[in-house]
Amino acid sequence: MSEDTASKGPLSPDLLAKMDAYWRAANYLSVGQIYLKDNPLLQRPLTLDDVKPRLLGHWGTTPGLNFLYVQWNRLIRERNLNMLYIIGPGHGGPGIVANSYLEGSYSEIYPHIERNEDGIKRLFRQFSWPYGIPSHVAPETPGSIHEGGELGYSLVHAYGAALDNPDLIVACVVGDGEAETGPLATSWHSNKFLNPATDGAVLPILHLNGYKIANPTVLARIPHVELEELMRGYGYEPFTLEGDDPLVLHQQAAAIFDTMLDRIAAIQKAAREEGSTARPAWPMLIMRTPKGWTGPKFVDGKPVEGTWRAHQVPLDGLRENPEHLRQLDEWMHSYKPEELFNEKGHLREDLADLPPKGRLRMGMNPHANGGLLLVPLKVPNFRDFAFKIEGRGRVDAESTRILGKLLHAVMEANRDTKNFRVFGPDETASNRLQDVIVGTGKEWMAEILPVDENLSQTGRVMEVLSEHLCQGWLEGYLLTGRHGFFSCYEAFIHIIDSMANQHAKWLKTTREIPWRKPIASLNYLLSSLVWRQDHNGFSHQDPGFIDHLMNKKADVVRIYLPPDANTLLSVADHCLRSRHYINLIVAGKQPAPQWLTIDEAVAHCTTGLGVWKWASNDEGDPDVVITCCGDVPTMEALAAVMLLRAQVPGLRIRVVNVVDLMALQPTSEHPHGLPDEEYDQIFPIGKPVVFAFHGYPWLIHRLTYRRHNHDDIHVRGYKEEGTTTTPFDMCVLNNIDRFQLALDVIRRVPRLASQTGAAQQWYSEAIQRHRLYVAENGEDLPEIRNWRWSES
Ligand SMILES: Cc1ncc(C[n+]2csc(CCOP(=O)(O)OP(=O)(O)O)c2C)c(N)n1
Ligand SMILES: [Mg+2]
């Protein structure tokens, strides 16, 4: 029966037999990685000495992944495809490693893993072994841009990779458990942002093996027709492959994939050659095969194959349980290794000839090592966009609007290479970056109505109300060798905290893998900041993403808080050119005073922090160092300086601004850290530092705890007080206002001790007056609203 059905389909009997043998070889090598440290070809009876002491890894998803890899190999060869794989259930790492070994990529990248018995032994031994390789489709895995450790991001990465890569097909396996996650659920919508004329194709495969770690999956337990309708509702044309007879399924899968690729080719031809602008229904596959397919059917009397019990290591406790060792032996022999490898461990020649060659092998696809393809971004001279300072702080400007002009120029300069995109969750214009949209428009494949503005099928700005999609598309885009910029409301960037973690891990690990070339940095602009949520209030107030990123490795993360437009331009220029970092820029969008000329800004950004001489009168010997970091705190600090000049004539104040937060750390902690000698010059030991910080105050203590003056640092920042109120009242609520800062100075400078009581009184009166005025008038006092810096 199975022979009969298997004979019907695109695969000749010979090819079918070879593909099946190749799949068995991949399955054999996968099981071997999980279990064996010796006797790799089972040329002698299996004993406990051959088995690893700790059995780690995941079998359940692996045979399905191996099945797909063999299928894709055929498609690549027959159609000369440029295909990248993305594996959502990345815990199936042994399968992908096995396949890149079988196709030869693995040994080319890691020559010590030779294509012989000794190589197979090393391949097995290194897996999940101390200082070996991780169990997932990790950065170490050839052909991977997606570890799949944290589930949910496969499909969004696939789409990010496909953007502006018209010749690429990204085959993406989505776990049916993974499909329950929020990011994955929304990722299906990426098809409304993929242009068949100018972008590549994504081939989604929902791996419906029915189970997660310990439960069935939702999508496996709804009627099949409902699942198909769900996929249709997302705009796809679903195909289904179902069964458990390998020969039948190989044949059926080949037929279905042929149809799906014909569909993709037709969609692309219609868009590219026939001028079609319709939104296509891209094909996707629902693959309903057993979890742990071909593994032990029963263990200790309980069903394993086709159940959640197959998820990790189906047979464990081999030392205590000889029956399990016997079952392992039987399981591994069921793949008939003696038919697949000769006694030297060479893969049978006709099987070795099966996969594609050279760069067509998925393990060798250059898109998976994006740095290889990276074309440097053309960044026009940022000085051309400088804000002209005529009197410090005299004229307000929206810093991010000025940045938007630079980004627009970047977009224009890189139009031909098509390797730069800007991403944002519906906030590009709200964050005042609207100039970047001009000319290029926003990508949109769904319906466009006359009322819409700047939507276009060829837009290069990506806007969708999903921080997950923005982050994931950008990651996929960067990992395949392009450049990008992500702007987001400060409070809501936390939605992708975890994705940023994963990307930081990827960057950290790939830094130490010689064959991985550096990629462009992931650049964030956070605007709509905590201090200026005039109409949104408490829900929109959270500067904690800075703290979040601070936990990452120093060689991966950079954090900048430019206090004005010119420093923002200089910082952005630096970030856009940098490689292999996560750069965080925190800058306000509201009209705000402008402080530094472009030359001063460049010099300031180069050191990362420095004395603002024009605001200081310390003559080399300060009574106090007023330090500020962030645009609103900088304004409050300077306003405090003016109050103090009036209140306490003769007080020697040094003003320091911090633009690069990392400069505060010692050099031992971060490469941007100011050397202690320079730091001590700026912050003399024993002199109080009153520090106004944009974010949560304790971060400054964390950064400076090793500095000699740490006991002298007194920080004001956001302490989780917020509501819908005036800009200045936000500062008052969090005690970062100019009156508080001035009072802090008087309290901390020893020779002013006698004035503390009076100052306290003065502070209370000022705040009282402010509170009454704001409550009555709904806006800040005129002297606050109209405040201007004055140097005298
Ligand atoms: C976001 C996230 N939550 C939880 C886990 C822990 N986890 C690892 S595998 C797994 C089950 C995955 O099931 P599925 O996506 O169906 O993969 P497969 O059945 O192919 O193994 C879970 C919950 C994870 N890796 N990532
Ligand atoms: Mg599953």
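Contact here means heavy atoms within 4.5 Å. Helices (H or I, at least four residues) and strands (E, at least two) are DSSP runs, numbered from the N terminus. The model is a predicted one, in which local features need pLDDT of at least 70, side-chain atom pairs count only at pLDDT 80 or more, and totals for chains, interfaces and linings use all residues. Residues are numbered from 1 along each chain as its sequence is written, and side-chain values use heavy atoms, with hydrogens and water left out.

**First stop: the parallel sheet**

Select residues 154-162, helix α7, which lies across β1, β2 (168-175), β3 and β4. The helix runs at about 175° to β2; axes are lines fitted to C-alpha atoms, for helices over the stretch in contact, and angles run from 0 to 180 degrees between N-to-C directions.

Next, display the strands beneath this heading's sheet: an open sheet of 5 strands in the order β1-β2-β3-β5-β4, with parallel pairing. Two strands pair if DSSP finds at least two bridges between them. At the edges are β1 (82-87) and β4 (236-242), each of which pairs on one side only. On average, and with direction ignored, neighbouring strands of this sheet are turned by 20° against each other.

Within the sheet, select β3 (residues 201-207) and β5 (residues 282-288), which pair in the parallel sense over 3 bridges. Ile205 has Leu285 of β5 as its bridge partner. Then add helix α9 (residues 224-233), which packs on the sheet and touches β3, β4 and β5. The direction of α9 makes about 145° with that of β4.

**Second stop: the mixed sheet**

Move to the open sheet of 5 strands ordered β18-β20-β19-β21-β22, where the pairing is mixed. Its edges are β18 (609-611) and β22 (713-716); each has a single partner strand, so one side of each is left without a neighbour in the sheet. Strand β21 (residues 689-693) runs parallel to β22 and is joined to β22 by 4 bridges. To see one of the pairs, select Val689, whose bridge partner in β22 is Ile713.

Now add α20, which lies across β19 (624-629), β20 (653-658) and β21 and runs at about 155° to β19.

**Third stop: the largest pocket**

Keep α20 (631-647) selected, as it supplies 4 residues, the largest share of the lining of the largest pocket. On a 1 Å grid over the protein atoms alone, a pocket is an open set of points with protein on both sides within 12 Å along at least five of seven lines, whereas a cavity is a set of points where a 1.4 Å probe fits but cannot get out; lining residues have an atom within 4 Å of a point. Grid points are joined across faces, edges and corners, and a volume is the space filled by probe spheres set on the points.

The largest pocket holds about 520 Å³ of space. Of its 28 lining residues, select Arg532, Pro591, Met635, Pro727 and Arg785, which lie nearest the centre. At least two lining residues come from each of β17 (591-593), α20, α23 (727-733) and α26 (782-785). The lining comprises 14 nonpolar, 4 polar and 10 charged residues, where Ala, Val, Leu, Ile, Met, Phe, Trp, Tyr, Cys and Pro count as nonpolar, Asp, Glu, Lys and Arg as charged, and the others, Gly among them, as polar.

**Fourth stop: the largest cavity**

There are 3 cavities of 30 Å³ or more, and the largest cavity has a volume of about 60 Å³. Select its lining residues, including Trp506, Arg516, Lys517 and His580.

**Last stop: a helix pair**

Finally, select α24 (residues 738-748) and α25 (residues 756-777), whose axes come within 10 Å and cross at roughly 175°.

Conventions. Chains lettered and ligands numbered in written order.
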